[in-house]
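Student: Could you take me on a close look at the spot where the ligand sits? I'd like to hear what surrounds the ligand and which atoms come up against it.

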Amino acid sequence: MKEEKANDLFSTKVGAIAAAAGSAVGLGNIWRFPYVLGENGGAAFLVVYIISTILIAIPVLLTEFVIGRKTNLPVSGAYNSLAPNKWWNQIGIIGVLCAFIILSFYNVVAGWTMCYTVRSATGALQGLSEDAIQQAFVSLSESPWECLIWMVVTIVASAFIVSRGVKRGIEWSSRILMPLLLLLIIVVCVRSLTLDGALQGVQFLLSPDFSKITPQSIFEALGQSFFSLSIGMGTMTTYGAYISKKQNLTSCAFSVAFVDFVIAFLAALMIMPCAFACGINPGSGPGLVFVTLPNIFNAIMFGQAISFVFFLLLFIAALTSSVSLLEVIVAYFMNEHSFSRRKATVVSAILIGIFGTLCAFSKTLFGLFDNFSANVMLPLGALFIILFAPIILGRTGMRNELEAHGGKCKLFGLYYALVRYVVPIAIVIIFVNCIMSWMGVKIFA
Ligand code: PHE
(Lines give C-alpha, C1' and ligand atoms only; values in the text may rest on other atoms or scores of the structure.)
Protein backbone atom coordinates (compact mmCIF):
# COMPACT_ATOMS: atom_id res chain seq x y z
CA MET A 1 0.00 0.00 0.00
CA LYS A 2 2.73 2.40 1.00
CA GLU A 3 4.85 1.16 -1.86
CA GLU A 4 2.01 1.72 -4.25
CA LYS A 5 2.15 5.34 -3.29
CA ALA A 6 5.81 5.47 -4.18
CA ASN A 7 5.23 3.69 -7.47
CA ASP A 8 2.45 6.04 -8.43
CA LEU A 9 5.01 8.75 -8.82
CA PHE A 10 6.17 7.82 -12.28
CA SER A 11 3.50 5.76 -13.87
CA THR A 12 4.17 6.78 -17.46
CA LYS A 13 6.85 5.39 -19.71
CA VAL A 14 8.43 8.69 -20.69
CA GLY A 15 8.18 9.86 -17.10
CA ALA A 16 10.35 7.02 -15.85
CA ILE A 17 13.18 7.67 -18.29
CA ALA A 18 12.90 11.41 -17.80
CA ALA A 19 13.11 10.85 -14.06
CA ALA A 20 16.17 8.62 -14.32
CA ALA A 21 17.90 11.15 -16.59
CA GLY A 22 16.76 13.92 -14.25
CA SER A 23 18.45 12.15 -11.37
CA ALA A 24 21.62 11.47 -13.34
CA VAL A 25 22.07 14.94 -14.84
CA GLY A 26 22.89 17.41 -12.14
CA LEU A 27 25.76 19.06 -10.34
CA GLY A 28 27.73 15.86 -10.88
CA ASN A 29 27.99 16.70 -14.58
CA ILE A 30 28.40 20.45 -14.51
CA TRP A 31 30.04 21.18 -11.17
CA ARG A 32 31.85 17.97 -10.17
CA PHE A 33 33.02 16.49 -13.47
CA PRO A 34 35.00 19.55 -14.67
CA TYR A 35 36.68 20.10 -11.33
CA VAL A 36 37.64 16.43 -10.80
CA LEU A 37 38.86 16.26 -14.41
CA GLY A 38 40.87 19.44 -13.84
CA GLU A 39 42.48 18.03 -10.71
CA ASN A 40 43.37 14.78 -12.46
CA GLY A 41 45.16 16.01 -15.52
CA GLY A 42 42.45 16.45 -18.18
CA ALA A 43 42.32 14.29 -21.29
CA ALA A 44 43.86 11.13 -19.83
CA PHE A 45 41.26 11.25 -17.06
CA LEU A 46 38.55 11.63 -19.69
CA VAL A 47 39.71 8.43 -21.39
CA VAL A 48 39.68 6.49 -18.11
CA TYR A 49 36.29 7.97 -17.30
CA ILE A 50 34.81 6.81 -20.61
CA ILE A 51 36.20 3.29 -20.17
CA SER A 52 34.90 3.16 -16.62
CA THR A 53 31.46 4.34 -17.72
CA ILE A 54 31.14 1.77 -20.51
CA LEU A 55 32.64 -1.27 -18.82
CA ILE A 56 31.65 -0.70 -15.22
CA ALA A 57 29.01 1.97 -14.67
CA ILE A 58 26.54 1.06 -17.44
CA PRO A 59 26.37 -2.63 -16.39
CA VAL A 60 25.73 -1.51 -12.80
CA LEU A 61 23.03 0.90 -13.97
CA LEU A 62 21.36 -1.86 -15.96
CA THR A 63 21.55 -4.24 -13.01
CA GLU A 64 19.89 -1.68 -10.75
CA PHE A 65 17.11 -1.29 -13.31
CA VAL A 66 16.71 -5.08 -13.46
CA ILE A 67 16.40 -5.44 -9.68
CA GLY A 68 14.07 -2.45 -9.37
CA ARG A 69 11.72 -3.53 -12.12
CA LYS A 70 11.74 -7.17 -11.10
CA THR A 71 10.67 -6.41 -7.54
CA ASN A 72 8.67 -3.33 -8.36
CA LEU A 73 9.79 -1.90 -5.05
CA PRO A 74 11.88 1.12 -4.08
CA VAL A 75 15.39 0.43 -2.88
CA SER A 76 14.74 -0.20 0.77
CA GLY A 77 12.20 -2.92 -0.05
CA ALA A 78 13.72 -4.32 -3.25
CA TYR A 79 16.77 -6.09 -1.82
CA ASN A 80 14.88 -7.17 1.25
CA SER A 81 12.14 -8.85 -0.73
CA LEU A 82 14.58 -10.78 -2.92
CA ALA A 83 16.76 -11.96 -0.08
CA PRO A 84 14.71 -11.93 3.09
CA ASN A 85 16.65 -12.66 6.26
CA LYS A 86 20.00 -12.49 4.50
CA TRP A 87 22.62 -9.89 5.32
CA TRP A 88 22.47 -8.80 1.68
CA ASN A 89 19.29 -6.91 2.28
CA GLN A 90 21.29 -4.30 4.14
CA ILE A 91 22.20 -2.82 0.74
CA GLY A 92 19.07 -0.71 1.10
CA ILE A 93 20.29 0.75 4.38
CA ILE A 94 23.72 1.55 2.92
CA GLY A 95 21.90 3.42 0.16
CA VAL A 96 19.91 5.45 2.64
CA LEU A 97 23.06 6.40 4.55
CA CYS A 98 24.79 7.31 1.34
CA ALA A 99 21.86 9.54 0.32
CA PHE A 100 22.26 11.41 3.62
CA ILE A 101 25.95 11.98 3.09
CA ILE A 102 25.59 13.10 -0.52
CA LEU A 103 22.70 15.42 0.24
CA SER A 104 24.70 17.11 3.00
CA PHE A 105 27.20 18.64 0.60
CA TYR A 106 25.04 18.53 -2.53
CA ASN A 107 22.55 20.98 -1.09
CA VAL A 108 25.36 23.36 -0.18
CA VAL A 109 26.52 23.43 -3.81
CA ALA A 110 22.92 23.66 -5.06
CA GLY A 111 22.63 26.63 -2.70
CA TRP A 112 25.65 28.25 -4.38
CA THR A 113 23.92 27.96 -7.76
CA MET A 114 20.82 29.60 -6.28
CA CYS A 115 23.00 32.39 -4.91
CA TYR A 116 24.60 32.85 -8.37
CA THR A 117 21.13 32.98 -9.92
CA VAL A 118 20.26 35.88 -7.63
CA ARG A 119 23.65 37.53 -8.14
CA SER A 120 23.13 37.36 -11.92
CA ALA A 121 19.65 38.83 -11.58
CA THR A 122 20.93 41.76 -9.56
CA GLY A 123 23.93 42.30 -11.83
CA ALA A 124 26.35 41.69 -8.94
CA LEU A 125 28.76 39.78 -11.18
CA GLN A 126 28.54 42.12 -14.16
CA GLY A 127 31.77 43.63 -15.40
CA LEU A 128 33.88 42.18 -12.57
CA SER A 129 37.55 41.54 -13.25
CA GLU A 130 38.89 37.97 -13.14
CA ASP A 131 40.25 38.55 -9.64
CA ALA A 132 37.02 40.06 -8.40
CA ILE A 133 35.11 37.05 -9.74
CA GLN A 134 37.39 34.73 -7.76
CA GLN A 135 36.91 36.91 -4.72
CA ALA A 136 33.13 36.83 -5.12
CA PHE A 137 33.19 33.05 -4.85
CA VAL A 138 35.57 33.04 -1.89
CA SER A 139 33.35 35.49 -0.06
CA LEU A 140 30.40 33.13 -0.51
CA SER A 141 32.13 29.84 0.25
CA GLU A 142 33.80 31.30 3.31
CA SER A 143 30.67 32.73 4.85
CA PRO A 144 28.96 29.71 6.35
CA TRP A 145 25.85 31.64 7.33
CA GLU A 146 25.25 32.72 3.75
CA CYS A 147 25.82 29.15 2.51
CA LEU A 148 23.42 27.97 5.18
CA ILE A 149 20.63 30.27 4.06
CA TRP A 150 20.91 29.17 0.43
CA MET A 151 21.15 25.56 1.47
CA VAL A 152 17.96 25.82 3.51
CA VAL A 153 16.17 27.32 0.50
CA THR A 154 17.27 24.27 -1.53
CA ILE A 155 16.21 21.77 1.14
CA VAL A 156 12.81 23.40 1.51
CA ALA A 157 12.30 23.40 -2.27
CA SER A 158 13.20 19.72 -2.66
CA ALA A 159 11.17 18.71 0.41
CA PHE A 160 8.21 20.57 -1.03
CA ILE A 161 8.50 18.69 -4.33
CA VAL A 162 8.92 15.31 -2.62
CA SER A 163 6.00 15.87 -0.26
CA ARG A 164 3.76 16.84 -3.16
CA GLY A 165 4.70 13.88 -5.34
CA VAL A 166 7.39 14.22 -7.90
CA LYS A 167 5.94 13.18 -11.20
CA ARG A 168 4.76 16.36 -12.87
CA GLY A 169 7.58 18.59 -11.72
CA ILE A 170 10.34 16.23 -12.76
CA GLU A 171 8.83 15.32 -16.11
CA TRP A 172 8.42 18.95 -16.96
CA SER A 173 11.91 19.77 -15.85
CA SER A 174 13.50 16.87 -17.73
CA ARG A 175 11.57 17.29 -20.96
CA ILE A 176 11.56 21.05 -21.33
CA LEU A 177 14.08 22.66 -19.02
CA MET A 178 16.96 20.24 -19.44
CA PRO A 179 17.04 20.54 -23.26
CA LEU A 180 17.08 24.30 -22.69
CA LEU A 181 20.02 23.92 -20.33
CA LEU A 182 21.79 21.84 -22.98
CA LEU A 183 21.20 24.58 -25.53
CA LEU A 184 22.65 27.22 -23.21
CA ILE A 185 25.67 25.03 -22.46
CA ILE A 186 26.30 24.85 -26.21
CA VAL A 187 26.03 28.64 -26.56
CA VAL A 188 28.42 29.18 -23.65
CA CYS A 189 30.77 26.52 -25.07
CA VAL A 190 30.98 28.37 -28.37
CA ARG A 191 31.90 31.63 -26.62
CA SER A 192 34.38 29.89 -24.35
CA LEU A 193 36.06 28.23 -27.33
CA THR A 194 36.45 31.56 -29.11
CA LEU A 195 38.18 33.35 -26.23
CA ASP A 196 41.84 34.27 -26.70
CA GLY A 197 43.98 31.46 -25.37
CA ALA A 198 41.16 28.92 -25.41
CA LEU A 199 43.14 26.42 -27.46
CA GLN A 200 45.26 25.39 -24.52
CA GLY A 201 42.09 24.37 -22.70
CA VAL A 202 40.97 22.27 -25.66
CA GLN A 203 44.35 20.56 -25.70
CA PHE A 204 44.11 19.93 -21.98
CA LEU A 205 40.79 18.21 -22.59
CA LEU A 206 41.54 16.37 -25.81
CA SER A 207 45.19 15.42 -26.02
CA PRO A 208 45.84 12.79 -23.39
CA ASP A 209 49.10 12.47 -21.57
CA PHE A 210 48.82 8.95 -20.19
CA SER A 211 51.70 9.46 -17.80
CA LYS A 212 49.21 11.49 -15.76
CA ILE A 213 47.14 8.41 -14.98
CA THR A 214 47.71 7.33 -11.41
CA PRO A 215 45.96 4.79 -9.20
CA GLN A 216 44.29 7.75 -7.53
CA SER A 217 42.96 9.18 -10.81
CA ILE A 218 41.53 5.78 -11.86
CA PHE A 219 39.86 5.58 -8.48
CA GLU A 220 38.41 9.06 -8.92
CA ALA A 221 37.21 8.33 -12.46
CA LEU A 222 35.36 5.27 -11.20
CA GLY A 223 33.76 7.24 -8.37
CA GLN A 224 32.81 10.08 -10.71
CA SER A 225 31.16 7.72 -13.20
CA PHE A 226 29.07 6.26 -10.36
CA PHE A 227 28.22 9.63 -8.89
CA SER A 228 27.24 11.04 -12.25
CA LEU A 229 24.94 8.14 -13.10
CA SER A 230 23.45 8.06 -9.58
CA ILE A 231 24.37 4.40 -9.15
CA GLY A 232 25.65 2.33 -6.25
CA MET A 233 23.09 3.40 -3.70
CA GLY A 234 19.77 2.33 -5.09
CA THR A 235 18.38 5.52 -6.63
CA MET A 236 18.29 3.80 -9.97
CA THR A 237 16.84 0.65 -8.40
CA THR A 238 13.96 2.81 -7.28
CA TYR A 239 13.55 4.28 -10.76
CA GLY A 240 13.82 0.80 -12.28
CA ALA A 241 10.66 -0.01 -10.36
CA TYR A 242 8.94 2.79 -12.23
CA ILE A 243 9.88 1.56 -15.70
CA SER A 244 7.08 -0.36 -17.39
CA LYS A 245 7.54 -4.00 -18.40
CA LYS A 246 6.98 -3.01 -22.03
CA GLN A 247 10.17 -1.05 -22.16
CA ASN A 248 13.57 -2.20 -23.27
CA LEU A 249 15.72 -1.75 -20.17
CA THR A 250 19.00 -1.95 -22.08
CA SER A 251 18.12 0.94 -24.32
CA CYS A 252 16.87 2.91 -21.31
CA ALA A 253 20.23 2.44 -19.59
CA PHE A 254 22.17 3.45 -22.71
CA SER A 255 19.99 6.52 -23.29
CA VAL A 256 20.45 7.74 -19.73
CA ALA A 257 24.22 7.14 -19.82
CA PHE A 258 24.56 8.84 -23.21
CA VAL A 259 22.69 11.98 -22.17
CA ASP A 260 24.64 12.08 -18.93
CA PHE A 261 27.99 11.81 -20.68
CA VAL A 262 27.22 14.39 -23.35
CA ILE A 263 26.28 16.95 -20.72
CA ALA A 264 29.38 16.25 -18.63
CA PHE A 265 31.65 16.47 -21.65
CA LEU A 266 30.11 19.70 -22.87
CA ALA A 267 30.40 21.14 -19.37
CA ALA A 268 34.12 20.44 -19.44
CA LEU A 269 34.36 21.88 -22.95
CA MET A 270 32.69 25.02 -21.68
CA ILE A 271 34.87 25.42 -18.59
CA MET A 272 38.41 24.38 -19.60
CA PRO A 273 39.01 26.76 -22.53
CA CYS A 274 37.81 29.68 -20.44
CA ALA A 275 39.85 28.58 -17.42
CA PHE A 276 43.02 28.60 -19.55
CA ALA A 277 42.08 31.83 -21.30
CA CYS A 278 41.61 33.56 -17.94
CA GLY A 279 44.61 32.03 -16.23
CA ILE A 280 42.53 30.00 -13.77
CA ASN A 281 44.14 26.80 -12.53
CA PRO A 282 41.99 23.89 -13.84
CA GLY A 283 42.83 22.05 -10.65
CA SER A 284 41.42 24.73 -8.39
CA GLY A 285 38.77 22.48 -6.88
CA PRO A 286 35.07 22.73 -6.13
CA GLY A 287 34.86 26.44 -6.95
CA LEU A 288 36.00 25.95 -10.56
CA VAL A 289 32.62 26.41 -12.26
CA PHE A 290 31.81 29.46 -10.19
CA VAL A 291 35.08 31.29 -10.81
CA THR A 292 35.14 30.45 -14.51
CA LEU A 293 31.65 30.91 -15.92
CA PRO A 294 31.06 34.56 -14.92
CA ASN A 295 34.06 35.47 -17.10
CA ILE A 296 32.31 34.01 -20.14
CA PHE A 297 29.05 35.71 -19.29
CA ASN A 298 30.91 39.01 -19.10
CA ALA A 299 32.29 38.42 -22.59
CA ILE A 300 29.02 37.51 -24.27
CA MET A 301 26.09 39.50 -25.62
CA PHE A 302 23.15 39.54 -23.17
CA GLY A 303 25.59 37.93 -20.74
CA GLN A 304 23.69 38.80 -17.57
CA ALA A 305 20.38 37.44 -18.87
CA ILE A 306 22.09 34.25 -20.07
CA SER A 307 23.89 33.96 -16.76
CA PHE A 308 20.61 34.25 -14.86
CA VAL A 309 18.84 31.60 -16.95
CA PHE A 310 21.89 29.35 -16.88
CA PHE A 311 22.29 29.31 -13.10
CA LEU A 312 18.54 28.96 -12.64
CA LEU A 313 18.45 25.90 -14.89
CA LEU A 314 21.52 24.51 -13.16
CA PHE A 315 19.72 24.96 -9.87
CA ILE A 316 16.71 23.09 -11.25
CA ALA A 317 18.99 20.29 -12.52
CA ALA A 318 20.48 20.09 -9.04
CA LEU A 319 17.01 20.05 -7.55
CA THR A 320 15.85 17.09 -9.64
CA SER A 321 18.91 15.10 -8.48
CA SER A 322 18.45 16.25 -4.92
CA VAL A 323 14.81 15.15 -5.06
CA SER A 324 15.86 11.68 -6.25
CA LEU A 325 18.20 11.36 -3.27
CA LEU A 326 15.62 12.61 -0.84
CA GLU A 327 13.09 10.16 -2.26
CA VAL A 328 15.38 7.26 -1.22
CA ILE A 329 15.33 8.46 2.39
CA VAL A 330 11.62 9.28 2.39
CA ALA A 331 10.70 5.89 0.91
CA TYR A 332 12.79 4.26 3.62
CA PHE A 333 10.92 6.00 6.44
CA MET A 334 7.59 5.26 4.75
CA ASN A 335 8.25 1.59 4.17
CA GLU A 336 10.31 0.63 7.18
CA HIS A 337 8.81 2.88 9.83
CA SER A 338 5.29 3.37 8.48
CA PHE A 339 5.65 7.16 8.38
CA SER A 340 3.22 9.13 6.24
CA ARG A 341 4.86 10.78 3.18
CA ARG A 342 4.55 14.14 4.86
CA LYS A 343 6.08 13.10 8.15
CA ALA A 344 8.85 11.17 6.36
CA THR A 345 9.70 14.26 4.29
CA VAL A 346 9.79 16.61 7.27
CA VAL A 347 11.96 14.28 9.36
CA SER A 348 14.37 13.66 6.43
CA ALA A 349 14.61 17.36 5.62
CA ILE A 350 15.48 18.23 9.23
CA LEU A 351 18.15 15.52 9.43
CA ILE A 352 19.66 16.63 6.12
CA GLY A 353 19.58 20.22 7.31
CA ILE A 354 21.65 19.22 10.36
CA PHE A 355 24.23 17.29 8.30
CA GLY A 356 24.27 20.04 5.69
CA THR A 357 24.94 22.69 8.32
CA LEU A 358 28.06 20.77 9.34
CA CYS A 359 29.21 20.84 5.70
CA ALA A 360 28.45 24.54 5.33
CA PHE A 361 30.61 25.27 8.37
CA SER A 362 33.47 22.91 7.66
CA LYS A 363 35.29 22.76 4.35
CA THR A 364 37.13 19.67 5.54
CA LEU A 365 33.89 17.83 6.20
CA PHE A 366 32.51 19.06 2.88
CA GLY A 367 35.50 17.60 1.02
CA LEU A 368 35.43 14.43 3.06
CA PHE A 369 31.75 13.78 2.37
CA ASP A 370 32.21 14.62 -1.32
CA ASN A 371 35.13 12.20 -1.75
CA PHE A 372 33.97 9.50 0.58
CA SER A 373 30.50 9.21 -0.90
CA ALA A 374 31.54 9.17 -4.56
CA ASN A 375 34.81 7.28 -4.31
CA VAL A 376 34.14 4.84 -1.49
CA MET A 377 30.46 4.41 -0.70
CA LEU A 378 29.07 4.27 -4.23
CA PRO A 379 31.64 1.78 -5.58
CA LEU A 380 31.18 -0.40 -2.50
CA GLY A 381 27.40 -0.23 -2.86
CA ALA A 382 27.78 -1.10 -6.54
CA LEU A 383 29.96 -4.06 -5.62
CA PHE A 384 27.21 -5.43 -3.40
CA ILE A 385 24.57 -4.87 -6.06
CA ILE A 386 26.61 -6.52 -8.75
CA LEU A 387 27.36 -9.57 -6.59
CA PHE A 388 23.76 -9.73 -5.40
CA ALA A 389 22.01 -9.83 -8.78
CA PRO A 390 23.58 -12.94 -10.36
CA ILE A 391 23.56 -14.87 -7.08
CA ILE A 392 20.01 -14.07 -6.07
CA LEU A 393 18.28 -13.69 -9.45
CA GLY A 394 20.48 -16.05 -11.41
CA ARG A 395 21.41 -15.78 -15.07
CA THR A 396 17.94 -16.78 -16.23
CA GLY A 397 16.19 -14.43 -13.84
CA MET A 398 18.26 -11.49 -15.09
CA ARG A 399 17.79 -12.46 -18.71
CA ASN A 400 14.02 -12.82 -18.30
CA GLU A 401 13.75 -9.37 -16.80
CA LEU A 402 15.87 -7.82 -19.55
CA GLU A 403 13.73 -9.49 -22.19
CA ALA A 404 10.40 -8.88 -20.47
CA HIS A 405 9.43 -6.37 -23.18
CA GLY A 406 9.29 -9.24 -25.66
CA GLY A 407 12.54 -8.57 -27.55
CA LYS A 408 15.92 -10.27 -27.41
CA CYS A 409 18.78 -8.79 -25.42
CA LYS A 410 21.54 -9.34 -27.98
CA LEU A 411 24.35 -8.25 -25.70
CA PHE A 412 23.23 -10.39 -22.79
CA GLY A 413 26.29 -12.70 -22.88
CA LEU A 414 28.65 -9.74 -22.75
CA TYR A 415 26.61 -7.96 -20.09
CA TYR A 416 26.49 -11.05 -17.91
CA ALA A 417 30.23 -11.64 -18.21
CA LEU A 418 30.85 -8.02 -17.23
CA VAL A 419 28.53 -8.24 -14.24
CA ARG A 420 29.72 -11.62 -13.06
CA TYR A 421 33.46 -11.13 -13.45
CA VAL A 422 34.80 -7.89 -14.88
CA VAL A 423 32.95 -5.33 -12.75
CA PRO A 424 33.50 -6.86 -9.29
CA ILE A 425 37.12 -7.69 -10.02
CA ALA A 426 37.76 -4.24 -11.49
CA ILE A 427 36.23 -2.47 -8.50
CA VAL A 428 38.31 -4.50 -6.06
CA ILE A 429 41.53 -4.00 -8.04
CA ILE A 430 40.99 -0.27 -8.41
CA PHE A 431 40.35 0.01 -4.69
CA VAL A 432 43.27 -2.07 -3.57
CA ASN A 433 45.59 -0.42 -6.06
CA CYS A 434 44.67 3.02 -4.81
CA ILE A 435 44.98 2.12 -1.15
CA MET A 436 48.36 0.53 -1.83
CA SER A 437 49.53 3.63 -3.65
CA TRP A 438 48.52 5.75 -0.64
CA MET A 439 50.67 3.45 1.45
CA GLY A 440 53.51 3.83 -1.01
CA VAL A 441 53.25 0.35 -2.53
CA LYS A 442 52.94 0.21 -6.32
CA ILE A 443 51.09 -2.69 -7.95
CA PHE A 444 50.11 -1.06 -11.27
CA ALA A 445 51.11 2.34 -12.62
N1 PHE B 1 23.92 11.99 -10.41
C2 PHE B 1 23.65 13.17 -9.66
C3 PHE B 1 24.41 14.30 -10.33
O4 PHE B 1 25.11 14.10 -11.27
C5 PHE B 1 24.02 13.04 -8.21
C6 PHE B 1 23.44 11.83 -7.56
C7 PHE B 1 24.28 10.85 -7.07
C8 PHE B 1 22.07 11.67 -7.47
C9 PHE B 1 23.77 9.70 -6.50
C10 PHE B 1 21.53 10.52 -6.91
C11 PHE B 1 22.39 9.54 -6.42
O12 PHE B 1 24.35 15.40 -9.92
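Tutor: Here's a walk around the ligand, from its setting to its contacts, with a quick stop at the aromatic rings afterwards. Keep in mind that this is a predicted model.

Let's start with the location: the ligand sits in the largest cavity. Around it are 16 residues, and those that come nearest are Ala 24, Gly 28, Tyr 106, Phe 227 and Ser 230. Sort that shell by character and you get seven nonpolar residues, nine polar ones and no charged ones. As for where the shell comes from, at least two residues each are supplied by helix H2 (13-24), helix H3 (27-39), helix H6 (91-122), helix H11 (215-228) and helix H15 (303-337).

Now for the polar contacts. On the oxygen side, a backbone N or O atom of Leu 27 is 3.1 Å from an oxygen atom of the ligand. The side chain of Asn 29 also has an N or O atom 3.3 Å from a ligand oxygen. Phe 227, already listed among the residues that come nearest, puts a backbone N or O atom 2.8 Å from a nitrogen atom of the ligand. Taken alone, the ligand would expose 320 Å², and the protein buries 100% of that.

One last stop, since helix H15 supplies part of the shell. The whole structure holds 31 aromatic pairs. Take Phe 290 and Phe 311: their ring centres are 6.3 Å apart and their planes meet at 10 degrees, so the pair counts as stacked. Phe 290 lies in helix H14 (residues 288-298) and Phe 311 in helix H15, so this pair ties together parts that are 21 residues apart in sequence.

Key
Residues are numbered from 1 along each chain as its sequence is written. This is a predicted model: local features need pLDDT of at least 70, side-chain atom pairs count only at pLDDT 80 or more; totals for chains, interfaces and linings use all residues. Side-chain values use heavy atoms; hydrogens and water are left out. A residue is near a molecule or strand if one of its heavy atoms lies within 4 Å of it. A polar contact is a pair of N or O atoms within 3.5 Å; within protein, one must be able to donate a hydrogen and the other to accept it, and residues adjacent in sequence count only if both atoms are side-chain atoms. Accessible areas come from the Shrake-Rupley method with a 1.4 Å probe; for residues, only the protein chains shown count as cover. On a 1 Å grid over the protein atoms alone, a cavity is a set of points where a 1.4 Å probe fits but cannot get out, and a pocket is an open set with protein on both sides within 12 Å along at least five of seven lines; lining residues have an atom within 4 Å of a point. A molecule sits in a cavity or pocket if more than half of its atoms lie within 2 Å of its grid points. Helices (H or I, at least four residues) and strands (E, at least two) are DSSP runs, numbered from the N terminus. Ala, Val, Leu, Ile, Met, Phe, Trp, Tyr, Cys and Pro count as nonpolar, Asp, Glu, Lys and Arg as charged, and the others, Gly among them, as polar. Rings of Phe, Tyr and Trp (its six-membered ring) pair if their centres lie within 6.5 Å; planes under 30 degrees apart count as stacked, over 60 as edge-to-face and the rest as tilted.
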